[in-house]
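Here's a quick briefing to read alongside the model. Keep the 3D view open and look up each residue as you go.

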Amino acid sequence: MGTKALKTTERRPLRSHKVLIADDQPEILTSLRRVLREEPYDLITCDSASKALEWLAENPVDMVIADERMPEMRGSDLLQKVRDAWPQTIRVILTGYPGSSTVAQGLTHGIDWLISKPWNDDALRLTIRQMLDDRDFKRPASGPPAEPVKSEPESADFCEQAAVPLSSIGADGRVLWANRAELDFLGYSKHEYVGKSIIDIHADPRTAQELLRRLADGETVRQFEARLRRRDGTFVDALIDANVRWEDRKFVRARCITRDNTSQKSTEARLRRDRDELETSIRERTRDLQGANDELHRESTERQRAEDTQRLSEMRFRLLVEGVKDYAIYMLSPDGIIVSWNIGSERIKGYTAEEILGRPQSMFYTDEDRNANKPERLLESAKAHGRIEEEGWSVRKDGSRFWSHVVITALRDPSGRLIGFAKITQDLTERRRADEDKARLSAQMLQGQKLQAIGQLSAGIAHEINNPVGYILSNLNTMGEYCQDLRRLLKVATAAASAREKGGDPTEALKEYQRIAEDIHADHLIADLVDVVGDCKLGGEKIRDIVRSLREFSHVDEGELRPTDLNKCLEDALRICWNELKYKAEVRKDYQADLPQVPAYPQRLGQVFMNLLVNAGQAIEKRGQVFLSTRVEGEYAVVRVRDTGQGIPPEHLSKLFEPFFTTKEVGTGTGLGLHVAYKIVNAHRGKIEISSVVGQGTEFTVRIPLGGPRVAAATEHPAERRP
Amino acid sequence: MIAAQKSEASVLNLYHWHTVLVVDDDREVLAALRRVLDREPYDVVTTDRPGLALDWMSRKNISLAISDQLMPEMDGDRFLEEVWKHSPTTGRLLLTGHPERLNAIPASRRNLLKVMLKPWEDGDLRKTIRTLLREREGSQG
């Protein structure tokens, strides 16, 4: 890039241009002055739009560069005024907001170009030069005949009385005006001369035509030789200097200065004769050389033009990159030093170009990454593979972190030598947050459905607990009564024993003992005591199991796979749903006793089985059967839940796993149960299948991969499938 | 017979010998109920099969039928309605853990029921049963 920029300095413009810059910030003006210091044009800087207009009123310039955001007048408005008053002036807007609508509108309404802040110095220099050059070589469209010149009081006298012949000519070649000296020179009266075509004045009409053509091409004609015809018919040799005043690309008039060339001409004529002879011989000898030279020149011109085109496209590309705000786009040297910086980089990372250029890119990484030499490794990898993509944490200037997506591309010159890296960084923090939110919502949905299902089962679960609580409490009461009875018996027995110890007669006490023993049915009581304790224990265990299953269920999975016994998982689910099934269905179990444990999320699978069991119970209208089985089939542990319920109509089968699909009454189901079952089984990389016959029943088959989700994911690829 | 029970009995003395039928699908519940009522002044028969109970009704004079509400074979209120059809003079007591579900029972059937909640309190249960048996004795003259 540097070499290209230097090359343009060789190309000098035809004349010195004037460029006016208006910006309300003095530091911007200073900075621009510094950047454009070496450039081959005059620079005028104004710190306000009004000052710029003041200057322009007195001094025409070739280009006005205006900052868009100025307090008293927007740059685009200033340029509008410039356009109205001096249409030939190149109008450039300088803006930190290339996307803003006023600027975008400006580009279609008379603003020639846009420079975005912060600008790139090379690009800025190139742009300005390119536009000045473009204008110099611009071929203006020829317009209709211009109106006669209006008299300009301040200079009218000067022009009219000047000692040099002056005239102005319209686009059609007719004289619009001529001063006294011009009329005297050619011997015409003003009345005769104005309106005459110069073709009639030139001795050779071809010189008149050539002059007009060159003027129409926008050329400033100097020392144009012509032989003019005086009014008296004599000829005079003249030199003409002329250029055209353009307004809105319209040829208004050509300003011509004509000088007498006669005296010079006669000496010249002699010299020329001698010279011509010499030249003729030289020209003949050098013709071949000249031909070759011309060829070379043409080629070089073409190359120059091609380079210009390329430079322009590079410049536009650079401006485009610089204007990108949503991506940090910057270049690194081969050793990771930052060498360019766009506005998106500043926005995303927080550093300005001045702060960051020349510093190592490793500063964008976290301390952990830096300590692990990640920045260096990524560049090495990009160097080896050409291009790498990466997501990870990046650090902003203020130390905050953001989740970034980074593409690093190695840049090589045509010979293959590494010249640096292009790095594009996108801030994905928002997207990552959205992804996390989505995952959290999904997890909340699963958990919510589970809690809701348990809520709906809670009455049944309460009943399951209530029954044992009822008989345990009653049995404890009974035991209390038994204890009272036994204490009575023990009291009499103690009395009898002490009577005998004291040598007394225990007979009476023993009779009392006998009577009480019969009264309290002591034999039955002692025997029943064992049963009472046994029943209480059984009831307590039932409650314990239900609570355990419930806790197993409402527990939120930590998202970790655990070796899971599907038989136990199914039993837990059955215990929670038992009250929904036991009054309607005979439950038959056919479990494979040695079913291997599978890596799974046990609570989640329990939720699946719970949903299937509740569905089975609800499918049975009066009384039926539910068959549960577990098996190993192929690479899957398979759980089947079959009911002899009403079955599912074929048209509903395809929608069964869709969320909120339900045929149940409001309040009975949410329509989420089977959707959740599907999602959970999917998360295990398992399969859930359904077969149903209306009037006969439904069977759900759940297949969970024996190797767990990861192995299943790997084997899904046909090439890696095991035999 | 213990003192406490005697005092209750003195308040609610029964003049006839009664048979009380208890139906519940839970065998542990039945055992507990039997223990509560074992030494009360009436016979207690228990079964977990409502159908079997109805069969007994046709062979034996039952003064009071006590039933659980939720049973696989037949709901308690339905069973007690059958009891009423077989023997209109038999008292009926529904024992339920889900009083809120009773709203689903048709009012005509519900109004004829005496309802007690599970878990029961032994003393309350004994007293309620005696009261119902006394009502039977009164209605029978």
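A salt bridge here is a side-chain nitrogen of Lys or Arg within 4 Å of a carboxyl oxygen of Asp or Glu. A:D369 and A:K374 fit that description, with their side chains meeting at 3.5 Å, N to O. Bear in mind that this is a predicted model.

**How confident is the prediction?**
- Chain A has an average pLDDT of 82, and 86% of its residues score at least 70.
- In residues 139-151 of chain A the pLDDT drops below 50, and this stretch has 18 contacts in the model beyond near neighbours in sequence.
- Residues 717-723 of chain A are also below 50, with seven contacts beyond near neighbours in sequence.
- Where pLDDT is low, don't read the predicted coordinates in detail.

**Salt bridges**
- Counting over all chains, the structure holds 52 salt bridges.
- Back to the opening pair: are A:D369 and A:K374 buried or exposed? Both A:D369 and A:K374 are buried.
- A:E391 and A:R431 also meet through their side chains in a salt bridge, at 3.5 Å from N to O.
- That pair links distant parts of chain A: A:E391 sits in strand β12 (residues 387-395) and A:R431 in helix α17 (residues 429-501), 40 residues apart.
- A:E391 counts as partly exposed because its relative accessibility is 35%, and A:R431 counts as partly exposed because its value is 45%. The range for that label runs between 20% and 50%.
- A:R129 bridges to A:E39, and their closest N and O atoms are 2.7 Å apart.
- Here too, distant parts of the chain are linked: A:R129 belongs to helix α6 (residues 121-136) of chain A, while A:E39 lies in the loop between α2 (26-36) and β2 (41-46) of chain A, 90 residues away.
- Both A:R129 and A:E39 are buried.
- You can also find a whole network of salt bridges, linking A:E633, A:R640, A:R642, A:E689, A:E699 and A:R703.

**A five-stranded sheet in chain A**
- Five strands make an open sheet with mixed pairing, in the order β16-β18-β19-β21-β20.
- Why do β16 (585-590) and β20 (687-693) of chain A stand at the edges? Each has a single partner strand, so one side of each is left without a neighbour in the sheet.
- On average, neighbouring strands of this sheet are turned by 15 degrees against each other, direction ignored.
- β16(A) and β18 (residues 624-633) of chain A run parallel and are joined by six bridges.
- Within that pairing, A:V587 stands opposite A:V626 in β18(A).
- Helix α20 (residues 566-581) of chain A packs on the sheet and touches β16, β18 and β19 (636-643) of chain A; the helix direction makes about 175 degrees with that of β16(A).

**Nonpolar cores**
- In soluble globular proteins, nonpolar side chains tend to be buried together.
- The largest nonpolar core has 48 residues, and A:F609, A:M610, A:L613 and A:V626 touch the most other members.
- Which residues does A:F609 contact, leaving aside neighbours within four places in sequence? They are A:L566, A:C569, A:L570, A:A573, A:V639 and A:V702.
- Apart from that core lies another one of 34 residues, including B:V20, B:Y42, B:I66 and B:L132.

**Chain B in brief**
- Chain B contains six helices and five strands, following the pattern α-β-α-β-α-β-α-β-α-β-α along the sequence.
- Of the 141 residues in chain B, 51% are buried.
- Among chain B contacts with a separation of 6 or more, 68% come from residues 24 or more positions apart.

Methods:
Residues are numbered from 1 along each chain as its sequence is written. Chains are lettered from A and ligands numbered from 1 in the order in which they are written. This is a predicted model: local features need pLDDT of at least 70, side-chain atom pairs count only at pLDDT 80 or more; totals for chains, interfaces and linings use all residues. Side-chain values use heavy atoms; hydrogens and water are left out. Helices (H or I, at least four residues) and strands (E, at least two) are DSSP runs, numbered from the N terminus. Buried means under 20% relative accessible area, exposed over 50%, partly exposed in between (1.4 Å probe, protein chains only). Two strands pair if DSSP finds at least two bridges between them. Axes are lines fitted to C-alpha atoms, for helices over the stretch in contact, and angles run from 0 to 180 degrees between N-to-C directions. Contact means heavy atoms within 4.5 Å. pLDDT is the predictor's confidence in each residue, from 0 to 100. A nonpolar core is a set of buried Ala, Val, Leu, Ile, Met, Phe, Trp, Tyr and Cys residues joined through side-chain atoms within 4.5 Å.
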